[in-house]
Amino acid sequence: MNMYRSHVLVCAGAGCISSECKSVQNALIENININGLSNEVKVVETGCMGPCDLGPVVMIFPDGVFYRKLKPEDTAEIVTEHLLKGKVVRRLLHQAGENSDQAVTFDQLDFFKRQTRIALRNTGIINPESIEEYIARNGYQALGKVLSKHSPQETIDFIKASGLRGRGGAGFPTGLKWEFTARAAAAPKYVVCNADEGDPGAFMDRSILEGDPHSVLEAMAICGYAIGAEKGYIYVRAEYPLAVERLEKAINKALEYGLLGKNIFSTCFNFDIEIRVGAGAFVCGEETALLASIEGKRGEPRPKPPFPAQEGLWGKPTVINNVETWASIPPIILNGPKWFSNIGTNTSKGTKVFALAGKINNTGLIEVPMGTPLREIIFDIGGGIPNGKRFKAVQTGGPSGGCIPEEYLDTPVDYDSLVKLGTIMGSGGMIIVDEDTCMVDLAKFFLEFVQEESCGKCAPCRIGTKRMLEILERIVEGKGKVGDIELLEELSQCIKTSALCGLGQTAPNPVLSTLRHFRDEYEAHIKEKRCPAGTCQALVAYYIDPKACKGCGLCSKNCPAEAISGEKKKPHVIDLTKCIKCGNCKDKCKFNAVFTS
Ligand SMILES: Cc1cc2nc3c(=O)[nH]c(=O)nc-3n(C[C@H](O)[C@H](O)[C@H](O)COP(=O)(O)O)c2cc1C
Ligand code: SF4
Ligand code: SF4
């Protein structure tokens, strides 16, 4: 094995790929070769490191120096200055704001400082295609430990004692689910990984699969041993081709190393895993629909009970867990349940991965202890709201969840606190919105999503969400009527209590939650025909404040309708009969002179 004096880790997560990290990686390799360093420095392509908006990013070990927003032409300097002379290239370091210090190493970034990475322990740190690198970070030791030292029941007891709850949305205790399946009499039994991840704005599971596939395989094998199953399936959406490719490679390598397949660790335990690629319907993430889809049937939910623990795949007892849940298992086995249950809150143990998206400076992937206050997540780790705008709300739990306004920013993020505020943890998507977002429009966005994704099997979801959407459409178009809010509430209750599966049962949540926290916005739309955020086009008119306008002409230059007139250095005016309400003038004006009614 070659020994290298330095490793250059290049993030190849989805965000960095879209900001052209490949050309940075190629340029790095070229410059390393030109300088004759290829035997001393190794370039490693990793999964997502987390700080997506800073991409392409690179970390150089052993010192952990972190460079961000790289261009291929920056790499020559990194090689000649950093790798040859040992000097940090300061202009490529991250600086959070004008008054903050530059962060030299990754752990000096506020983004990383406050994180505790368990499920993400290897993501962004190792080459996901190298089983050796996974093993070097204690990989497959947990499987070895249970097979050599613990009975199946002891393994289940470990997971129960850790307090781990499912990270896919519902938060059901994982150990209990394993125990129910282990105790079910029928055979064979199955282990399933739910890697469907359909929530808008969520990429936690994708990042784990792409960045650390072996952690999921190892955990599924541990569960197989604990419940008495010899077969596992990973159901992953077709939109994640890199995840599928890396999983395939990981399965093959694990088979080659005898860590999957027959007589694992020379015991009589056999376990193998197959991948099933789903077509990307949101409802196929629902466990009974997912199981039907694996069986080759239409991906439609069925009533529960019976639960999959009793009657799952082909009617046999099945454990189905989420990717992040799986990735948390090996460290629990290795470090012990107490270690895990000491992190987090009383009822929500451990850590949770969140995908920060929307109007936030540091978009990306983070993992924090349960109970971390929202304010810390959004402002300290997330870096706050861009362009000096005000935080308005955060949507948690995707289309099944709800929004949390500014007054609750100090809420600890755990399963129970979020439910008290009318939302849920969900799978960990966090969409942050600022003062320019209309909350009625936001609710409409999520309802449009679930309406489109409803499988149509049951009438409350198929028809009820359509009726709700029609009402919301009317409201944002300025055609809302007194009584619409009450009708929305009535329909919500009816759908929640009568829909067949979780999709329909939770579909009204974004509407109920925005009504709970932003009812005045609904009322302004309906009674005053006004959109307080100034974004619902039908209810908005654009004006220029003559006192603030400097007559720079930037607005008229960018107006596609030639609706703005005015002499240079004199206040401009908008002709409302010509204005098509595109909002360009407001976006472009540097003096905040354009305002909406
Ligand atoms: C409409 C719908 C979509 C879902 N999508 C997912 C998903 O993409 N990934 C996931 O792990 N769980 C999803 N779930 C939850 C699963 O049904 C199930 O509870 C979960 O996979 C169990 O794993 P856990 O206990 O580890 O969370 C979804 C549920 C519903 C109702
Ligand atoms: S609630 Fe919606 S998604 Fe679920 S079964 Fe009914 S129609 Fe299908
Ligand atoms: S909103 Fe668009 S169309 Fe209307 S005045 Fe501004 S730039 Fe012109």
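## A walk through two strand regions and a ligand site

Start by selecting L356: this residue stands opposite M430 in strand β15. Keep in mind as you click around that this is a predicted model.

**Stop 1: the strands around your first pick.** Now widen the selection to β11, residues 351–358, and β15, residues 429–434. These two strands run parallel, and four bridges join them. In general, strands of a sheet pair through backbone hydrogen bonds, either parallel or antiparallel.

Ready to see the whole sheet? Add the other members: five strands form an open sheet, and you can read across them in the order β12-β11-β15-β13-β14. The pairing here is mixed. Which strands sit at the edges? Look for β12 (364–369) and β14 (402–405), each of which pairs on one side only. Turn the sheet in your viewer and follow its twist, which averages 30° from one strand to the next.

**Stop 2: helices across the sheet.** Next, select residues 439–453, which make up helix α17. This helix lies across β13 (391–396), β14 and β15, and runs at about 20° to β13. Then pick helix α21, residues 509–527. Helix α21 lies across β13 and β14, at about 35° to β14.

**Stop 3: an enclosed strand.** Jump to β8, residues 231–237. Is this strand largely enclosed or open? Seven of its seven residues are buried, so β8 is largely enclosed by the rest of the structure. Show the side chains as sticks here. In a regular strand, side chains alternate between the two faces of the sheet. In β8, K231, Y233, Y235 and R237 point one way, while G232, I234 and V236 point the other way. All of them are buried.

Now meet the neighbours. Strand β7 (residues 190–195) runs parallel to β8, with six bridges between them. To find one pairing, select V191, whose bridge partner in β8 is G232. Seven bridges join β8 to β9 (residues 272–278), and these two also run parallel. Click R237 and look across to G278 in β9, which stands opposite. To get from β8 to β9, trace the chain through helix α11 (residues 241–256); this β-α-β crossover is right-handed.

**Stop 4: ligand 3.** Finish by selecting ligand 3. Which residues surround it? You'll find Y542, C559, A561, I564, I574, C579, I580, K581, C582, G583, N584 and C585. Try colouring this shell by class: nine residues are nonpolar, two polar and one charged.

Conventions
Residues numbered from 1 in each chain as written. Chains lettered and ligands numbered in written order. Predicted model: local features only at pLDDT ≥ 70, side-chain atom pairs only at ≥ 80, totals over all residues. Heavy atoms only, no water. Pairing = 2+ DSSP bridges. Axes fitted to C-alpha atoms, helices over the stretch in contact; angles between N-to-C directions. Contact = heavy atoms within 4.5 Å. Buried < 20%, exposed > 50% of the residue type's maximum accessible area, 1.4 Å probe, protein only. Right-handed = clockwise from strand over helix to strand, strands pointing away. Near = heavy atom within 4 Å. Nonpolar A, V, L, I, M, F, W, Y, C, P; charged D, E, K, R; others polar.
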